[in-house]
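I opened this notebook to record what I looked up in the structure, entry by entry. The entries below follow the order in which I went through it.

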Amino acid sequence: MTYILTVNGTDYPVDADVTRNLLSVIREVVGLTGTKEGCDDCECGACMVLLDGRPVNSCSYLAVQAQGCAITTIEGLQSDGDLHPLQRHMLESGAVQCGFCTPGMIVSARALLDANPDPDDEDIRIGLSGNLCRCTGYARIIEAVRKTAAGDSG
Amino acid sequence: MVISESRPFLRADGPDKVTGSGRYVADISLTGMAAAKFKYAGMAHGRITKLDLEAARSIPGVYAVLTHKDVPDVRFGAIPDRKLFASDVVRFEGEVVAAVAAIDAATAARAVEAIVVEYEPLPIVDDLEAALDENSPLVHESWADYDADHVVRDRNVASFSSIERGDVEAGMAEADLVVTSRFEADASHAVPIEPRGILAQWEGDRVTIWSSTQVPFQARAGVCETLGLATNKVRIIVPHLGGGFGGKCGFHFEAHVAALARAVRRPVKLVFTREEEFVAPDRRREGMTIDVTSGIRRDGTLVARRGRMLLDNGAYTADADFFPQLAAMHLAGPYKIPNVLIESSLVYTNRQPSGSVRAPTAPQACWALEAHTDELADAVGMDPVAFRRLNAIDSGSVGVVGQTYGEIGLQQCINAAVEEIEYGSDLPPDEAVGVAIGWWPSFPGPSGVYIKIDDDGAGQIITGAQECGTGAVMTIPHIVADELGMQPGDFELIYQDTGAAPYDVGATGSQTLLNNGRAALAGARELARQLKELAAEHLEASTEDIVLQSGEASVVGSPASSVSIVELAAIAADNNLLLAHGSSEVIETPPLVGSTCVGDQGVAAWSAPQFSCHAVRVRLDRDTGVVRVLEVSTAHDSGTIINPLGATGQVEGGVLMGIGQALTEGTRYDEDGRQLNAGLLEYKLQTIADAPTIATRFIEIDTPDAGPHGAKGLAEAPNVATAGAIANAIAKLVGHPIRRLPMTAERVWETL
Ligand code: FES
Ligand code: FES
């Protein structure tokens, strides 16, 4: 089946089986590999993307259903080559180790901050509870989101 | 030396990771690439009576189906008890029987389904005690034929070790009180968020393999051994690695994929599903049963300890041959005990093989020991912290195998952790604080780096070291730049590529900073010498008077007389290149003094041991048995801390993994020896919602005979004491220890 997907503001013609999930189409057809697969089972959040601003586990979403939506992946967060404040704070706070959870974590955090620009720690915990990280103790991730919300430039 | 707090530590691989531009194995595709899938045994123990590949091979798009007949007949492993493919008997559910390469993953999966295998079921060995019975079925009928003289073994016991010192009978007789405890720990898993991937491509008689391994040089050795290749024909490249925690140590499936790629004359890629990641690798954290008896005097002094440990090896001995002795050291613990006898056996079962998962044997053995230690304190009416202060080793103490410790910070760790958590202060009725101490060895090993500066002054560090997320490799440019008066950003890293770099043991045993850090320091000093000689010539000064700082070489005392390193690099480019190498000198392991160890595996006396104390505050819901960890305070002696941000990250991550092991992470098996919870829904990792506040303090001791600038390792040490501390907090609330790990809500509730 042929259709158009709009990813990070660009329209991509897609020729793929209707049963393909959004994750595999983004990675293998559109060719953006920043979105990761950790479980293919809605359990880890590594595959998180935004559909019209709403966070979705792309492993468990049919690609065809994303037609007409604005899809945002980790590659869509930078503007003019500058890191998004979330990306910078994740890095500077020590929230990145192996980095495999990081794209999904940042995408979820972006959705959280868009919906609630001034979250407290409990809001952050709820907002990111679908994203597993095995490397960190999560505290640095919370710190990075908090600093981004505070507009902390340091 | 500490990476300046005013100049924040930004990992060189960080921008790749936060932007999504960093490539992991699954992200790499090559033209013409085929997809691989394995046919697994799916049963715990059976003899193959029929293996029919015809239907699979006839599916359009299936390029090859390989079995044991297609690879050399080679046994491998720490005890060579293992082959790439099962040929006759399958010994655990995840054993590979056949491998398929096909046009895409779906076709490969269909081919796997179409492979017909029939088995004659064999009796399953899955009980550690029963496996020792002389009438027990054997997991390996021909165990005696395996070439493994370095271990003491017999039938289902793959490796036996003891540590013995003094006279344990006499010690028990001398004691005023004798306390006996028994504990049982379930197996668990490393669970890196990246499932493993392997991609192999041949050009002529050389193969390049991109693999998500923590140990590229070991993986190379495994490919060479099993496929009969020379080391210079095999190149292993690790792109970014999505975590390992030991789960990606050792040699796993690189040879299968290389053999497929050779057979189909195309690149072949294997990417595991989450379920495969649970079931197939030779790396499960071993289950364990632990019996421990200690004799103490009325004043709380430890006089004797006897222990018996059974470790579940699973079906094959990946790298667990030394685990019995390491486990015994963790049941002895960092205590002064004059009379000790601990006997420990690694037992074959029809389960997934066990292997080095982050601090192998330590969290389970420490959990049991520290729960037992609180029972000892209770028996003499002493406060558990006071009991530890009395019996734990300190600088100059003699430990359980007769090793005399130099300057160590264990007592300071205890003080710092209990102070931070305000030990002894009043708490609500359903809250309690538990404390545990732990230790971990350093593993000296060979390692090397090359360092060069090119004509424009840009540097490269080419290291064999492997970054698995800890940041250890990311610290190397800081160590080098510091020696050369340059900036870390002046250097690019070429790393985790066996075709480019000198040997390194890999991201295992917390050894990267210890060994590769020393190699980097040696290489940087050699390059500094070259720069100084060149500068001396240029400035007409003597080499000894040249100092390197702020990107300049200048004559000491006359800063006006200087030349920039960029300029020196341009001069060198026309003549003697700025090109250095360094390797880590061997650190001697201390000898055993006054102790005997049967089946000694060299892990009873330790170089540069690391120490820790963890204190936790928990809350118990008495209606459900649910325990929540509210606060953790940790203190670590890992020597000098070079990278505080990275070090804190290791401790926090280790603690969280420890909480998981303590409360939720345990593998369950059905009657047929198959895992019941091989998925993230049923095998629960800690989430951000569970994460407690974690405070971390470092007791920094510039340790001689350790890593660069007196640093020791730190990746595994934080994963030792957390479960023990949680056990002791729970015991205070329920009145007795929970004797089974993980201490799930159900298990806690059952004892209420
Ligand atoms: S890959 Fe989608 S949630 Fe794990
Ligand atoms: S940084 Fe490795 S899983 Fe989060």
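My entries start with the contact between the chains and then turn to pairs, rings and backbone details.

**Entry 1, the interface.** I kept in mind throughout that this is a predicted model. I first looked up how chain B meets chain A, and found 45 residues of chain B in contact with 41 residues of chain A. The area buried between the two chains comes to about 3,600 Å², and carbon and sulfur atoms give 61% of that area. On the side of chain B, I noted that B:V18, B:I193 and B:I688 lose the most area to chain A, and that together they make up 23% of what that side buries.

**Entry 2, polar links across the interface.** I then asked how many salt bridges there are between chain B and chain A. The count is four, and I wrote down one of them, in which B:D27 pairs with A:K36 at 2.5 Å between the closest N and O atoms. For polar contacts between chain B and chain A, with both residues at pLDDT 80 or more, my search returned 19 residue pairs.

**Entry 3, what chain B brings to the interface.** I looked up which helices take part, and both α1 (14–19) and α16 (644–663) of chain B supply at least two residues each to the side that touches chain A. The largest share of that side, eight residues, comes from α16(B). Sorted by class, the side of chain B that touches chain A holds 21 nonpolar, 15 polar and nine charged residues.

**Entry 4, salt bridges in the whole structure.** Over all chains I found 48 salt bridges. One that I followed up is between B:R306 and B:E169, whose side chains meet at 2.8 Å, N to O. B:R306 belongs to strand β15 (residues 302–314) of chain B and B:E169 to helix α5 (residues 168–174) of chain B, so this pair ties together parts that are 137 residues apart in sequence.

**Entry 5, rings.** A search of the whole structure gave me 16 aromatic pairs over all chains. I noted one aromatic cluster, formed by B:F38, B:Y40, B:F253 and B:F272. I also looked for charges over rings: the charged end of B:R82 sits over the ring of B:Y316, 4.5 Å from its centre, and B:R739 lies over the face of B:F183, at 5.2 Å from the ring centre.

**Entry 6, backbone.** Where in chain B does B:P742 lie? I placed B:P742 in the loop between β29 (740–741) and α18 (745–751) of chain B, and the peptide bond that leads to B:P742 from B:L741 is cis, with omega near 0°. In chain A, I noted that A:D52, a residue other than glycine, has a positive phi, near 50°; A:D52 is in the loop between β3 (48–51) and β4 (54–57) of chain A.

Terms used: Residues numbered from 1 in each chain as written. Chains lettered and ligands numbered in written order. Predicted model: local features only at pLDDT ≥ 70, side-chain atom pairs only at ≥ 80, totals over all residues. Heavy atoms only, no water. Phe/Tyr/Trp six-rings, centres within 6.5 Å; stacked < 30°, edge-to-face > 60°. Lys NZ or Arg CZ within 6 Å of the ring centre and 35° of its normal. Contact = heavy atoms within 4.5 Å. Buried area = accessible area lost by both parts, 1.4 Å probe. Polar contact = N/O pair within 3.5 Å; in protein donor to acceptor, adjacent residues only side chain to side chain. Helix = DSSP H or I, 4+ residues; strand = E, 2+ residues; numbered from the N terminus. Nonpolar A, V, L, I, M, F, W, Y, C, P; charged D, E, K, R; others polar.
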